[in-house]
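Reader: Could you take me through the nonpolar core of this one? I'd like a close look at what sits in there, and some sense of how far to trust it.

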Amino acid sequence: MTVDPMTGRRCGGSRGQEERVLRVKLWLRRIGVGFVVLLVVLAVGRQVQVAWESRIVGARAPYLQMLGSDRVTIRWQSEEPERGELRFGFAPEALEWTLEESEPVSRHAVTLSGLEPATRYYYAIGTMSGHFTTAPEAGVDVPLRLWIQGDPGYATAAALKARDAALGWMDKRRRPGRPLFDLWMTTGDNAYRSGSNAQFEKHLFSPYRELLANNAYWPSYGNHDDRRRAFFELFDFPTAGELGGEPSGSEHYYSIDHGPLHLIFLDSQSESLSATGEMAQWLERDLAANTQRWSIVAIHHPPYTKGSHDSDSWRDSWGRMVEVRENILPIIERHGVDLVLSGHSHMYERSHLIACHYGDSASFEPGMVVDGESPYVKGEDGTLYAVVGSSAKLDHGPLNHPANAVGLKKRGSLLVDIQGAQLTGRFIDDAGKVADRFVITKHAEGPTRRCD
């Protein structure tokens with residue numbers, strides 16, 4: 001111990017100071033190690049939770065996948081492994097063909113191939129039964145009806161009311177000799193809040209059981225589906241061009257041909273949205289090879305929205321809407337895509353026929369409108385953009401994006417009818433009313449708007 005000659009105070013020596021510093025360092029080190037351990041425990045726990053909730057378990061009624069002109073896959077689940085037997089034929093009382101699985105499983109998938117195009121078939125699995133109509137062959141100019149649900153992942157009373165309103169509208173306007181609709185698709189977020197197996201059962205498989213048994217389901221991939229791994233375990237998608245289009249090698253993006261329609265699904269949630277990324281390069285090849293009269297793209301994140309999301313903001317959804325607009329839209333418009341369907345923003349928005357708008361909303365110019373009044377006349381150029389995100393959830397927003405002609409805070413879904421050179425869209429609200437209607441007519445001498 002020493003004494004300060006100026007103050008007379010006793011001072012600890014350097015050894016005491018070193019001990020105090022050492023104790024502080026040890027304390028900080030223990031805190032750091034504890035923090036790292038906590039992060040590791042949380043990360044491992046999160047992975048365990050994701051894996052557990054992604055398990056595909058429990059009994060599940062039949063549902064249709066991969067429907068084409070000559071094939072379909074029928075999936076179902078049983079509580080215990082068993083060898084499934086599927087009977088099918090042209091009439092419910094005449095199921096003349098039988099397919100039996102080679103070994104007992106609990107997750108069943110039977111693919112029927114060599115079928116006739118545009119033909120009604122019936123099937124039975126034990127006491128469960130259903131039917132389906134195969135797609136028309138690619139290029140055949142037949143009328144089509146698409147039913148598009150936007151972010152339908154809550155089976156609340158309000159959401160089911162919107163569902164039934166659309167089905168009721170179609171039922172009153174049945175097409176002779178045709179099913180209620182030809183294609184059933186979504187714009188993403190198919191099971192809130194995190195796309196777990198249990199949530200898919202609660203919000204899709206249980207309330208839509210009859211529809212799923214008789215109609216193929218084509219879901220887009222949304223950000224809420226991405227929170228668990230069940231999505232790609234539950235659904236099958238064409239990766240080798242087996243239903244038309246260029247082989248993608250990925251279930252995250254692919255295309256199908258259905259009569260006069262070329263339909264493309266893109267993944268804006270987990271895939272790179274770079275203009276030189278694999279998905280963009282595939283999209284370029286696929287659209288360049290397309291020969292169908294009509295083309296539609298489905299992608300979850302919208303390029304133009306001022307609803308519950310803001311497509312101008314890089315901070316909103318990690319900038320994915322900005323990247324879709326800047327990098328994906330030029331490819332889409334260069335190849336004359338007619339309609340782009342998105343969700344994510346939980347309202348309904350719809351543009352005029354536009355082209356060349358790849359910046360923020362402040363950069364939109366009147367000259368980017370190819371045709372400003374429905375029925376829109378389309379030549380080679382011009383695309384219509386629809387945000388269909390309110391089939392279940394309904395949120396708030398200013399709905400004032402200058403690229404959009406219509407913005408509605410209404411729950412509902414979109415019907416698209418294609419007949420010859422005309423495409424008609426109708427947004428059916430939850431009261432069964434046509435809240436918005438638009439028409440695109442293909443014309444060889446339609447207006448043009450080449451992008452610089």
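Author: Here's a walk through the core, followed by the chain around it and the confidence.

Keep in mind that this is a predicted model. The largest nonpolar core takes in 79 residues. Inside that core, the residues with the most contacts are Ile74, Phe132, Trp147, Trp218 and Phe235. Phe235 is a good one to zoom in on. Setting aside neighbours within four places in sequence, Phe235 touches Tyr63, Gln65, Arg75, Phe200, Leu204, Phe205, Tyr217, Pro219 and Glu251. There's also a second, separate core of 24 residues, with Ile264, Ile299, Val340 and Tyr385 among its members.

Now zoom out. The chain runs to 452 residues, of which 52% count as buried, and it has seven helices and 25 strands. If you take contacts between residues at least 6 apart in sequence, 69% of them join residues at least 24 apart. Along the principal axes, the C-alpha atoms fill a box of roughly 110 × 65 × 40 Å. As for the outside, the chain exposes about 20,300 Å², with carbon and sulfur atoms supplying 51% of that.

On trust: the chain averages a pLDDT of 93, and 92% of the residues score at least 70. Confidence peaks in strand β16 (residues 339–342) at a mean of 99, and bottoms out in strand β1 (residues 2–3) at 48. Over residues 1–7 the pLDDT is below 50, and that stretch has 11 contacts in the model beyond near neighbours in sequence. Where pLDDT is low, the predicted coordinates shouldn't be read in detail.

Key:
Residues are numbered from 1 along each chain as its sequence is written. This is a predicted model: local features need pLDDT of at least 70, side-chain atom pairs count only at pLDDT 80 or more; totals for chains, interfaces and linings use all residues. Side-chain values use heavy atoms; hydrogens and water are left out. A nonpolar core is a set of buried Ala, Val, Leu, Ile, Met, Phe, Trp, Tyr and Cys residues joined through side-chain atoms within 4.5 Å. Buried means under 20% relative accessible area, exposed over 50%, partly exposed in between (1.4 Å probe, protein chains only). Contact means heavy atoms within 4.5 Å. pLDDT is the predictor's confidence in each residue, from 0 to 100. Helices (H or I, at least four residues) and strands (E, at least two) are DSSP runs, numbered from the N terminus. Accessible areas come from the Shrake-Rupley method with a 1.4 Å probe; for residues, only the protein chains shown count as cover.
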